[in-house]
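Q: I am new to this structure and would like a close look at one part of it. Could you pick a spot on a loop and walk me from there into the interior, step by step?

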Amino acid sequence: QVQLVESGGGLVQAGGSLRLSCAASGSIFSINTMGWYRQAPGKQRELVAVISSGATTNYADSVKGRFTISRDGAKDTVYLQMNTLKPEDTAVYYCNAWVVVKTLRTNEFWGQGTQVTVSS
């Protein structure tokens with residue numbers, strides 16, 4: 001099995017910054033796309049940013065220019081640097097990864113989520 005462990009969430013004032021981290025561990029052969037999604041109360045889970053194994057990135061329009069996704073292949077870790085945070089960024093942020101496990105099957109995994117709260 002594969003575990004995704006997130007860290008870095010918390011409470012911040014509008015205009016502030018936070019950095020989320022997500023470390024993958026377990027029966028990993030390789031990792032394809034990694035990404036971050038978020039879910040606000042009463043809303044559906046939405047894509048925030050994704051990064052491919054080749055470092056190609058894609059962002060939601062609402063975070064372009066403010067958030068930066070990156071990854072460390074040696075550590076199987078993905079990061080989300082969030083700047084100029086707004087109250088509407090408040091949500092539970094989930095890490096996502098498409099992992100080729102040691103049986104060479106590709107499976108999707110999710111982290112447990114980390115709360116980000118931005119006060120106005």
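A: Let's begin at aspartate 61, which is found in the loop between strand 6 (57–59) and strand 7. Please keep in mind that this is a predicted model. Is aspartate 61 buried or exposed? Its relative accessible area is 64%, over the 50% cut-off, so aspartate 61 is exposed. The side chain of aspartate 61 makes a polar contact, at 3.1 Å, with the side chain of lysine 64. For another bearing, take alanine 49: 12 residues separate it from aspartate 61 in sequence, and the two C-alpha atoms are 9.7 Å apart in space.

Next comes serine 62, again in the loop between strand 6 and strand 7. With a relative accessible area of 41%, serine 62 is partly exposed. Glutamate 88 is 26 residues away along the chain, yet its C-alpha atom and that of serine 62 are separated by 9.6 Å. What does the side chain of serine 62 reach? A polar contact of 3.4 Å joins it to the side chain of arginine 38, and that contact is our way inward.

Arginine 38 belongs to strand 4. Its relative accessible area is just 5%, under the 20% cut-off, so arginine 38 counts as buried. Besides the contact with serine 62 at 3.4 Å, the side chain of arginine 38 has a polar contact of 2.9 Å with the side chain of tyrosine 93. Setting aside neighbours within four places in sequence, arginine 38 also touches a list of residues that includes Gln44, Arg45, Glu46, Val48, Val63, Phe67, Glu88, Asp89, Ala91 and Val92. Glu88, whose distance to serine 62 we met above, is thus one of the contacts of arginine 38.

Two of those names open side paths. Take arginine 45 first. The charged end of arginine 45 sits over the ring of tyrosine 94, 3.7 Å from the ring centre. Arginine 45 also lies over the face of tryptophan 110, here at 4.6 Å from the centre of the ring. Tryptophan 110 itself is partly exposed, at 35% relative accessibility. How many aromatic pairs does a search of the whole structure find? One turns up, and tryptophan 110 is part of it: its ring centre is 5.1 Å from that of tyrosine 37 and the planes are at 65°, so the pair is edge-to-face. Tyrosine 37 is in strand 4 and tryptophan 110 in strand 10 (residues 106–110), so this pair ties together parts that lie 73 residues apart in sequence.

The second side path starts at alanine 91. The side chain of glutamine 115 reaches the backbone oxygen of alanine 91 at 3.4 Å. Glutamine 115 is in strand 11 and is partly exposed, with 41% relative accessible area. Leaving out residues up to four places away in sequence, glutamine 115 touches Gly9, Gly10, Thr90, Ala91 and Val92. Arginine 66, on the other hand, is 49 residues from glutamine 115 along the chain, with 18 Å between their C-alpha atoms.

Now back to tyrosine 93, the polar partner of arginine 38. Which residues touch the most other members of the largest nonpolar core? They are Trp36, Leu80, Met82 and Tyr93, out of 33 residues in that core. Several strands each supply at least two core residues, among them strand 4 (28–39), strand 7 (67–72) and strand 11 (114–119). The largest share, six residues, comes from strand 9. In general, nonpolar side chains in soluble globular proteins tend to be buried together. Methionine 82 touches Tyr93 and, beyond four places in sequence, also Gly16, Ser17, Leu18, Leu20, Arg66, Phe67 and Val116. Phe67 therefore appears in the contacts of both methionine 82 and arginine 38, which is buried at 5%.

Our last stop is a covalent link. The structure has one disulfide, joining cysteine 22 to cysteine 95 with 2.0 Å from S to S. The two partners come from distant parts of the chain, cysteine 22 in strand 3 and cysteine 95 in strand 9, 73 residues apart. The torsion about their S-S bond is about -80°, so the disulfide is left-handed. Cysteine 22 is buried, at 0% relative accessibility, and cysteine 95 is buried at 0% too.

Technical notes: Residues are numbered from 1 along each chain as its sequence is written. This is a predicted model: local features need pLDDT of at least 70, side-chain atom pairs count only at pLDDT 80 or more; totals for chains, interfaces and linings use all residues. Side-chain values use heavy atoms; hydrogens and water are left out. A nonpolar core is a set of buried Ala, Val, Leu, Ile, Met, Phe, Trp, Tyr and Cys residues joined through side-chain atoms within 4.5 Å. Buried means under 20% relative accessible area, exposed over 50%, partly exposed in between (1.4 Å probe, protein chains only). Helices (H or I, at least four residues) and strands (E, at least two) are DSSP runs, numbered from the N terminus. Contact means heavy atoms within 4.5 Å. A disulfide is a pair of cysteine sulfur atoms within 2.5 Å. A polar contact is a pair of N or O atoms within 3.5 Å; within protein, one must be able to donate a hydrogen and the other to accept it, and residues adjacent in sequence count only if both atoms are side-chain atoms. Rings of Phe, Tyr and Trp (its six-membered ring) pair if their centres lie within 6.5 Å; planes under 30 degrees apart count as stacked, over 60 as edge-to-face and the rest as tilted. A charge sits over a ring if NZ of Lys or CZ of Arg is within 6 Å of the ring centre and within 35 degrees of the ring normal.
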